[in-house]
Amino acid sequence: MTAKRRPNAAARPRPRPLSAREAALKAFLAMEADGAALDSALSAQPGYKAMEARDRAFARAILSAAIRRRGTLEAAYNSFLDKPLRPREVFGRAVLTLASGELLVLMTPPHAVVDGWVRITGAAEEGRRLKGLVNAVLRRVSERGAEAFIAADPLIDLPDWLRARWCEIYGEDTARAIALARAGAPPLDLSTKPDFDAAGFASEIGGVLLPTGTVRKEGIGDVTALPGFADGNWWAQDAAAALPVKLLVPLEGERIADICAAPGGKTLQLAAAGADVIAVDRSEARLKRVSQNLARTGLNAQIITADATSWQPDEKLDAVLLDAPCSATGTLRRRPDVAWSKSEADIASLAALQESLLDNAFAMLKPGGRLIYCTCSLEPEEGEAQIEAFLKRTPGAAREPVSADELPGLGDALTPEGDVRTRPDMWAEQGGLDGFFIARLVRQP
């Protein structure tokens, strides 16, 4: 009996490359269906990896614009509908939101947008009956939609739960300023090694040197194509994300653990300062990226895969940096999907994890040792309230207040207690920065 031959995997037909608009639409619908993150929703689409790099970048730009400005884009196209689309008409709302984002945010030529999206709508079974409506609405959006888009309150770009929280915590005016600051695509921020000519590099790439030492350049683009990438003298890191290590003030030869270290920007900062660094994270896959970054920059650190709620070093440490897992609501400039993939319930569960991590991190310190606790969240439960509760329950723990001269150009980020609270609307004219909470603690001798 002749055995059946298994089909050759190499001979199987590959998925055809998607167009940028098709990829953006499929990813948008996946995010609506199961709350998938933006980048994973894109990369999961069959045919996405076969696309040209330029088309993948365009797909991401379309999707990001739609997620970032969702509320104001809906306000713009709804002004040309006799009645809003029903909640179950997900396909139609997705097409109109994505296409309006191209027209009003990305400024793609209107004829290309209208023709492209009408063609996609007509080719889809769930879109055929909407083809005429999509054509008519998009033509009106291209001609007169900018007025409604500009007039819309940026607060409606946020989900209801987050809008209500920020208005209560920060006041409506500041909440609106935060929403407006995260409405635009962020610049590229780069941290550099201490002995590298950061000012000269900023000039070389057409960027600027921020007061805190970060190099900033408009437009992210292909980071690997920037001069000196292979030399490893710099790495991508938001200006606010670079502050915790600066405030820790690592010294050469100090033994310092970077807890929840991946993807590794802070590990690189610590190693570049000459510290003996232990990078700890529970995800082996994410730590591979840390190892890759260390290899490119020629820096060294000990990599440990472990649960940081229980892991302890063999000897007590000079310092610990804990960038705790959080709701990431301070990163909406760079990760616009976070607002829609998280819920208010996530904040409480993450706060409980942060409490365990904080207690265990403090136990790693020798007397006189320093601890930086930080989160990229704008929620007090993950920042100010977390530290107040920790200080109350922890004998021997004390706050070491940050001074204004340690935060050049960011005096407004200092809290009365001496902690740091950055917001996206700070440095708005220079492109803003992520929202971070940072507290500096010490184990008293």
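In which loop does W427 lie? To find out, select W427 in this predicted model. W427 lies in the loop between β11 (420-422) and β12 (436-443).

**Backbone turns in loops**

Remain at W427 and inspect its backbone: phi is near 60°, a positive value in a residue other than glycine. Most residues other than glycine have a negative phi, and most peptide bonds are trans. The relative accessibility of W427 is 11%, so the residue counts as buried, the cut-off being under 20%.

Next, select C260, which is found in the loop between β5 and α12. C260 is not a glycine, yet its phi is positive, at about 60°. With a relative accessibility of 17%, C260 counts as buried.

In the loop between β5 (255-259) and α12 (265-272), select P263 as well. The peptide bond that joins A262 to P263 is cis, and its omega is near 10°.

**Aromatic rings**

Five aromatic pairs are present in the structure. Display the rings of F201 and W234: their centres are 5.5 Å apart and their planes stand at 25°, so this pair is stacked, for which the planes must be under 30 degrees apart. The pair links distant parts of the chain, since F201 belongs to helix α10 (residues 198-204) and W234 to strand β4 (residues 234-236), 33 residues apart. Both F201 and W234 are buried.

Now add F196 and F229 to the selection; ring pairs link F196, F201, F229 and W234 into a cluster. Keep F229 in view and select R296, whose charged end sits over the ring of F229, 4.2 Å from the ring centre. For another arginine over a ring, go to R70, which lies over the face of W340 at 4.8 Å from the ring centre.

**Two helices**

Select helix α3, residues 53-68. At 1.5 Å a residue, its 16 residues should span 22 Å, and the end C-alpha atoms are 22 Å apart, which agrees. The buried residues of α3 are A59, I62, L63, S64, A65, A66, I67 and R68. Among the elements that cover these buried residues are α1 (20-34), α2 (38-43), α4 (70-78) and α14 (338-341).

Another element covering the buried residues of α3 is α5 (90-106), the next selection. For the 17 residues of α5 the expected span is 24 Å, and the end C-alpha atoms lie 22 Å apart, which agrees. Helix α5 is mostly covered, with 14 of its 17 residues buried. End the tour at M107, just after α5, where phi is positive at about 60°.

Definitions and conventions:
Residues numbered from 1 in each chain as written. Predicted model: local features only at pLDDT ≥ 70, side-chain atom pairs only at ≥ 80, totals over all residues. Heavy atoms only, no water. Helix = DSSP H or I, 4+ residues; strand = E, 2+ residues; numbered from the N terminus. Expected span 1.5 Å × (residues − 1). Buried < 20%, exposed > 50% of the residue type's maximum accessible area, 1.4 Å probe, protein only. Contact = heavy atoms within 4.5 Å. Phe/Tyr/Trp six-rings, centres within 6.5 Å; stacked < 30°, edge-to-face > 60°. Lys NZ or Arg CZ within 6 Å of the ring centre and 35° of its normal.
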